[in-house]
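These notebook entries record what I looked up in the structure. I began with charged contacts and then turned to the pocket, the surface and the backbone.

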Amino acid sequence: MMDAAPRRGRGRPTRTQTEAGPATRDRILAAAREEFSERGYEKTSVRGIAKSAGVDSALVHHYFGTKEQVFEAAIEVAFAPALDAPEKIVEGPLDGVGERLTRFVLGIWENPTSRTPLLAIVRSAVNNDTAAAVFRRLVAAQLLRRIAGRLDVPDAELRAELAAAQLVGVAMLRYVIKVEPLASADVERIVTRVAPVVQGHLTNP
């Protein structure tokens, strides 16, 4: 009887695994977004992500490191559309920046493709301090500070954060908690009501 092949212990992935390249990395990210969306940060594990992606846990660690780093990488993909947001929002007269920002944020939430990873982010951030810290870091660096840097007003960062708080609150009630009648209201009606408030935070004296 032949001896069974020795099992590879935890540690560095095999050469065959690492040669899988970008396709494997993308599959891990997709699995991570799905796991975080369904289970939240607290109940998601690197082992669960690896199982969902059909790879060894060591490969997840090889590409991303810790669970926090996997979470941050998954969030960055979801926030990719926001990277160009400030340029799109501030072009044109400042008296329309509130409406442009409101339409941009609600537009991301209205899109089913971007809504799923956003739900994972919000649910995880609400229930876990580590996830919340990652969320704050990405929001501050990639969106709020870039918007604030283009506002020629006092307390620009505070104003941008207040505007964001207004929009995050609407998104929480409409898309996460699904409070009626907000959850089923026409998005244009919401923009009409919310945009002036966001505008006030950003530019009013």
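**Entry 1. Salt bridges.** I looked up glutamate 188 and found a relative accessibility of 37%, so I entered this residue as partly exposed. For the record, buried means under 20% relative accessible area, exposed means over 50%, and partly exposed lies in between (1.4 Å probe, protein chains only). The model is predicted; local features need pLDDT of at least 70, side-chain atom pairs count only at pLDDT 80 or more, and totals for chains, interfaces and linings use all residues. Residues are numbered from 1 along each chain as its sequence is written, and side-chain values use heavy atoms, with hydrogens and water left out.

I next asked which residue forms a salt bridge with glutamate 188. The partner is arginine 103, with the closest N and O atoms 2.7 Å apart. This pair links distant parts of the chain, since arginine 103 is in helix H7 and glutamate 188 in helix H11, 85 residues apart. A salt bridge here is a side-chain nitrogen of Lys or Arg within 4 Å of a carboxyl oxygen of Asp or Glu. Helices (H or I, at least four residues) and strands (E, at least two) are DSSP runs, numbered from the N terminus.

I noted that arginine 103 also meets glutamate 99 in a salt bridge (3.0 Å, N to O). Both residues lie in helix H7, 4 residues apart, about one turn of the helix. Glutamate 99 is partly exposed at 38% relative accessibility, and arginine 103 is partly exposed at 36%. I therefore recorded Glu99, Arg103 and Glu188 as linked in a network of salt bridges.

I then looked up the salt bridge between arginine 174 and glutamate 110, whose closest N and O atoms are 3.0 Å apart. Arginine 174 lies in helix H10 and glutamate 110 in helix H7, so the pair ties together parts that are 64 residues apart in sequence. Arginine 174 is buried, with a relative accessible area of 7%, whereas glutamate 110 is partly exposed at 29%. The structure holds 4 salt bridges.

**Entry 2. Largest pocket.** I found about 710 Å³ of space in the largest pocket. A pocket is an open set of points on a 1 Å grid over the protein atoms alone, where a 1.4 Å probe fits, with protein on both sides within 12 Å along at least five of seven lines; lining residues have an atom within 4 Å of a point. The lining has 32 residues, and Phe135, Val139, Leu143, Ala164 and Val168 lie nearest the centre. H7, H8, H9 and H10 each supply at least two lining residues. Which helix gives the most to the lining? I entered H10, with 10 residues. By class, I recorded 28 nonpolar, no polar and 4 charged residues in this lining.

**Entry 3. Loop between H10 and H11.** I looked up valine 179, which lies in this loop and is partly exposed at 36% relative accessible area. With Leu173 and Ile177, Val179 makes a nonpolar surface patch of about 240 Å². Lysine 178 is found in the same loop and is exposed at 57%; its phi is near 60°, a positive value in a residue other than glycine. Proline 181 is also in the loop between H10 and H11, and a cis peptide bond joins glutamate 180 to proline 181, with omega about 10°.

**Entry 4. Loop between H9 and H10.** I noted aspartate 155 in this loop. Its phi is positive, about 55°, although aspartate 155 is not a glycine. I entered this residue as exposed, at 56% relative accessibility.

Note on methods
Points joined across faces, edges and corners; volume = space filled by probe spheres on them. Nonpolar A, V, L, I, M, F, W, Y, C, P; charged D, E, K, R; others polar. Patch = residues over 30% accessible without salt bridge, like charges linked within 9 Å, V, L, I, M, F, W, Y side chains within 5 Å. Areas by Shrake-Rupley, 256 points an atom, 1.4 Å probe, with all protein chains shown as cover.
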